[in-house]
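Subject: Structure handover and findings

Hi,

Here is the structure you asked to look over. Please open it alongside this note, as the points below are easiest to follow on screen.

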Amino acid sequence: MIDVIESGFFTTVQDSGRTGYRHAGVPMSGAMDAWAYRLANALVGNSGDEAVLEVTMAGPTLRFRVEVVVAVCGGDFPCALNGRPISLWKPETVKPGDVLEVGVCRTGFRAYIAVSGGIDVPPVMGSRSTYVPAQLGGLAGRPLRRGDVLPVGAAHPFTAVRSIRWGLSRLAASYIHGKTKTVRAVPGPEYDEFTPASRCQFFAARYEVTPQSDRTGYRLSGPALALVREREMVSEAVVFGTVQVPASGRPIVLMADSQTSGGYPRIAQVAAVDLPILAQARPGDCLQFQLVTSEEATRLYKEQHHRLIRWVAAIRRQWEGER
């Protein structure tokens, strides 16, 4: 069990997401930054789909009642174990009574706290992910609160990998740092219905992430976009990364907790390869959209996926050597 001494700004239980229910209007949810989520689980010896804690902006303080291995991956958050600073992207063994503190992010916006065995809350519709708008999954369908107690699943007996031979933190810096984040996108279904000037402007301008942004969607501030002619739309399917344009002309990028359908025109779809970059954008950061073809987006995602598989396999080989 883990005691929540302080909850942090917005800390929720997340896993790889709730699949198979979008037809019923249930979002997938899950970890916003799948890259950091998968590597955090690998670093503590989990199979890859265990539930973790997703931290937003400012992290929690946790006291452990059991010995487990812990790893924190994602944005640049200061972390301390019993007051001693520890590194991100590296496993640590914690013992009963140990206290982990995760502070306020310096760069990036989200981090993932993985523990060996995973956060063992009851699954709902096949997932432990929290969908706060419907109070679904996670811990009572809400963010953590002070005084909560988190159950931990059973894990194989092992000690933490003593040294990771690769620079995972340098890898993270490649997509977390910087106030302006370039995200590649393919034209959306209604792309050709926007004026030529708006299509050009969308990929030329920088759009700022506003404070009115959350796991449902990022509202962006920047040049307004316009259709060639206004029309009423029938609601159509949307997913994580869909860029909609409401009547104001200011784009909204839908995120992991977004609705499953929407009635605004879709000017673009962020390439899956860059969703982790999008997840680490904070209010005040700027997004620069870069036009790519669907074929290029698919190729880039496959390359990233194979690279992630190789990293996870290499980490697991180290775990096998440590047991």
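What follows is a short tour of the sheet, the strands, the rings and the charged pairs.

Please keep in mind that this is a predicted model.

**The sheet**

Start with the open sheet. It has six strands, in the order β7-β6-β9-β4-β1-β11. The pairing is antiparallel. Strands β7 (84-86) and β11 (149-150) sit at the edges, and each pairs on one side only. At the β7 end, β6 (residues 79-81) and β7 are joined in the antiparallel sense by three bridges. One residue pair to look for there is C79 with its bridge partner I86 in β7.

**Strands β2 and β3**

Next, go to β2 and strand β3 (residues 52-56). They pair over five bridges, in the antiparallel sense. Q14 has V52 of β3 as its bridge partner. How many residues of β2 are buried? Four of the five are, so the rest of the structure largely encloses this strand.

**The loop before β2**

F9 lies in the loop between β1 (2-6) and β2 (10-14). Is F9 buried or exposed? It is exposed, because its relative accessible area is 53% and the cut-off for exposed is over 50%. F9 also joins M57 and V104 in a nonpolar surface patch of about 290 Å².

**Aromatic rings**

The search of the whole structure gives five aromatic pairs. One of them is F202 with F203. This pair is edge-to-face, with 4.9 Å centre to centre and 85° between the planes. Both rings belong to buried residues. F202 has 0% relative accessibility, and F203 has a relative accessible area of 14%. The cut-off for buried is under 20%, so F203 falls within it.

Ring pairs also build a cluster, made up of Y191, F202, F203, Y207 and F289. A charge comes in at Y191: the charged end of R199 sits over the Y191 ring, 5.6 Å from its centre.

**Salt bridges**

The structure holds 15 salt bridges. Side chains of opposite charge can pair when their charged atoms come close. Here are three single pairs and one network to check.

- R146 and E6: the closest N and O atoms are 3.2 Å apart. R146 lies in the loop between β10 (107-115) and β11, and E6 lies in strand β1, so the pair ties together parts that are 140 residues apart in sequence. R146 is exposed at 61% relative accessible area, whereas E6 is partly exposed at 36%.
- E67 and K95: these side chains meet at 3.6 Å, N to O. The pair links distant parts of the chain, 28 residues apart. E67 is in the loop between β4 (61-64) and β5 (68-76), and K95 is in the loop between β8 (92-94) and β9 (99-102). Both count as partly exposed: E67 has a relative accessible area of 45%, and K95 has 44%.
- R84 and E92: these side chains also form a salt bridge, 3.6 Å from N to O. R84 is partly exposed, at 43% relative accessible area, but E92 is buried, at 16%. E92 counts as buried because the cut-off is under 20%.
- E54, R215 and D257: salt bridges link these residues in a network.

R84 deserves a second look on screen. It takes part in the salt bridge with E92, and edge strand β7 spans 84-86.

**Helix α5**

Last, find S294 in helix α5 (residues 294-322). S294 is partly exposed, with a relative accessible area of 43%. Where does A271 lie relative to S294? The two are 23 residues apart in sequence and 8.2 Å apart in space, C-alpha to C-alpha.

**Where to start**

If time is short, I would take the views in this order:

1. The open sheet, from edge strand β7 to edge strand β11.
2. The ring cluster that includes F202 and F203.
3. The R146 and E6 salt bridge.
4. The nonpolar patch with F9, M57 and V104.

Best wishes

Definitions and conventions: Residues numbered from 1 in each chain as written. Predicted model: local features only at pLDDT ≥ 70, side-chain atom pairs only at ≥ 80, totals over all residues. Heavy atoms only, no water. Pairing = 2+ DSSP bridges. Helix = DSSP H or I, 4+ residues; strand = E, 2+ residues; numbered from the N terminus. Phe/Tyr/Trp six-rings, centres within 6.5 Å; stacked < 30°, edge-to-face > 60°. Buried < 20%, exposed > 50% of the residue type's maximum accessible area, 1.4 Å probe, protein only. Lys NZ or Arg CZ within 6 Å of the ring centre and 35° of its normal. Patch = residues over 30% accessible without salt bridge, like charges linked within 9 Å, V, L, I, M, F, W, Y side chains within 5 Å. Areas by Shrake-Rupley, 256 points an atom, 1.4 Å probe, with all protein chains shown as cover. Salt bridge = Lys/Arg side-chain N within 4 Å of Asp/Glu carboxyl O.
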